[in-house]
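Biologist: I have a structure open on my screen and would love to go through it with you. Let's take it piece by piece.

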Amino acid sequence: MGSPFSQVDLRLLKKYDRPGPRYTSYPTAPLFSNSFTNRDFRREIVDTNGPGSSGDISLYFHFPFCDTLCYFCGCTMVVSRDRKRIEEYNHFLKKEIALVAPMLAEDRRVVQVHWGGGTPTHLLPEEIREMGEIIRTSFRLDPSAEMSVELDPRELLRDDLLALRDAGFNRMSMGVQDFDPRVQEAVNRIQPEAMSRQVYDWARDAGFMSVNIDLIYGLPYQTKTSFEKTIRTVVRFAPDRIAVFNYAHVPWLKPHQKLIHPEDLPTPEQKLDILKMTIEVLSSEGYEYIGMDHFARPQDELARAQKEKTLYRNFQGYSTKSGADLYGFGMSAISHFQSIYAQNTKNIPEYYKAIDGGDFATHVGYRMTDDDQIRKFVIMRLMCDLDLDTRAVEKRFAIDFARYFASSLKLVEEFEEEGLVIRTPGKIAIVGAGRLLLRNIAMCFDAYLDSMTKDKPVFSRTV
Ligand SMILES: C[S@@+](CC[C@H](N)C(=O)[O-])C[C@H]1O[C@@H](n2cnc3c(N)ncnc32)[C@H](O)[C@@H]1O
Ligand code: SF4
């Protein structure tokens, strides 16, 4: 995909900076409702695991606990160092595995496992090994399964990484955010460069085949110059992937973000300058822009999947495993099959109570309509391929694209006039700075946006 941003147009980015979904799902999570119950979820599992079912499976496990609070955090996490509390959670996670695993059709292979958080590496090495063993013996893991884990270098010991390797993990993502001590202090996350370097080197020694580093732009006291130092340091580490997230400041959803003083945040203009610099430096250092904050080396499987148009988007971001049914375990975890979403409760006592009673902990969910399926496909292909074969959509769903999406295409016209989208017969291509505005372009195809955002703020800003 090369370096598309010879000149990142700040005017356009500014024009389109507005709240919008990240489209890790369509419809997006605010549409999930409690009219979809744990009984619906159970029935769906039974129906999709009848005799002869053989579709691939992806597993997600949520580990909410963290050692300390990062003031910027937007994740579903709980700060606790109480080992008993963590053990108790693991106990219920194992019970949930024991509830679900026997319901899966025998022939279904697990091709992807992801541990997210919170901080999965807040588990002790022996807990990591035990949980890995339980997963291995409960499911039919494909020998080449992609197993990835999110880790926090601040509390990591070499033994944790070895335990993760023993548990079968072959990919990892580590949180760095920013190397500047002043920024680290302002967000309550002290993590010297040497500490991150040590963990990175251990991971390479342990044979992790793909390493990602997470950064965030838009944090307090960041400047273009300070963040450029961070970016150049990360490039010297030479990770396979780099995620540079736009700081989502949503204090109405995450009250602890009020600990970040708005006057310390970079202005929208400074943020755009930081973003422009980030893209230019990473592109010139040989990283390809995948889309939505993600960069990868050309030989990395994400970049390769994008070229082959087999990239996929799920709750963890971009993925190469399209079409697998996702089973989520743990508080807040989301499952997604062909036509349903089901999310576990975020309330830990409620989660324990449901699992203890042999029930699913489904709190909200959603059953997709035919229209949702069509729009999901369109949004997914735009976000992953950065273009859309409209004839393929017509064939797949037996629709007349121009007629079906008449009102969406009206909205797309504005992006065309700005040179961000090019439409030719049978194709919609996102070009130039339009690739930084994927959310905005996808929003043209979202049927629910107006009804969701009318009364209250729901989404973070797009730039
Ligand atoms: C679950 S954490 C990663 C693992 C571990 N807990 C850590 O922080 O190192 C996932 C990532 O989300 C990103 N993140 C967290 N809060 C965010 C926010 N408000 N806006 C943008 N990115 C955020 C951070 O880059 C973080 O590394
Ligand atoms: S950023 Fe990571 S370590 Fe920090 S509070 Fe959030 S989940 Fe925990």
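Modeller: Happily! Helices (H or I, at least four residues) and strands (E, at least two) are DSSP runs, numbered from the N terminus. This is a predicted model, in which local features need pLDDT of at least 70 and side-chain atom pairs count only at pLDDT 80 or more, while totals for chains, interfaces and linings use all residues. Residues are numbered from 1 along each chain as its sequence is written, and chains are lettered from A and ligands numbered from 1 in the order in which they are written.

Biologist: How many helices and strands are there in the protein chain?

Modeller: Counting those runs, the protein chain has 17 helices and 19 strands.
The C-alpha atoms fill a box of roughly 55 × 55 × 45 Å along the principal axes. So the tally to remember is 17 helices and 19 strands.

Biologist: What is the radius of gyration of the protein chain?

Modeller: The globule rule (2.2 Å times the number of residues to the power 0.38, with the radius taken over C-alpha atoms) gives 23 Å for 463 residues. The chain comes close to that, so it is as compact as a globular protein of that length, with a radius of gyration of 22 Å.

Biologist: What percentage of the residues is buried?

Modeller: A residue is buried if 20 or more other C-beta atoms, placed from the backbone, lie within 10 Å of its own. Of the 463 residues in the protein chain, the buried share is 44%.

Biologist: Which strands each supply at least two residues of the shell around ligand 1?

Modeller: The shell takes in residues whose C-beta atom, placed from the backbone, lies within 6 Å of the ligand. It holds 18 residues, with G74, D152, G175, D214 and F245 the closest. The strands you want are β4 (110-117), β6 (171-177) and β7 (210-217).

Biologist: How many charged residues are in the shell around ligand 2?

Modeller: Its surroundings include C66, C70, C73, C75 and D152. Asp, Glu, Lys and Arg count as charged; Ala, Val, Leu, Ile, Met, Phe, Trp, Tyr, Cys and Pro as nonpolar; and the others, Gly among them, as polar. Besides 6 nonpolar and 4 polar residues, the charged count is 1.

Biologist: Which strands stand at the edges of the open sheet of 3 strands?

Modeller: Two strands pair if DSSP finds at least two bridges between them. The order is β17-β19-β18, with antiparallel pairing. Each edge strand has a single partner, so one side of it is left without a neighbour in the sheet; these are β17 (387-389) and β18 (421-424).

Biologist: Which residue in β19 is the bridge partner of R423?

Modeller: β18 and β19 (residues 427-430) run antiparallel and are joined by 4 bridges. In β19, the bridge partner of R423 is I428.

Key: Buried ≥ 20, exposed ≤ 12 C-beta atoms within 10 Å, placed from the backbone.
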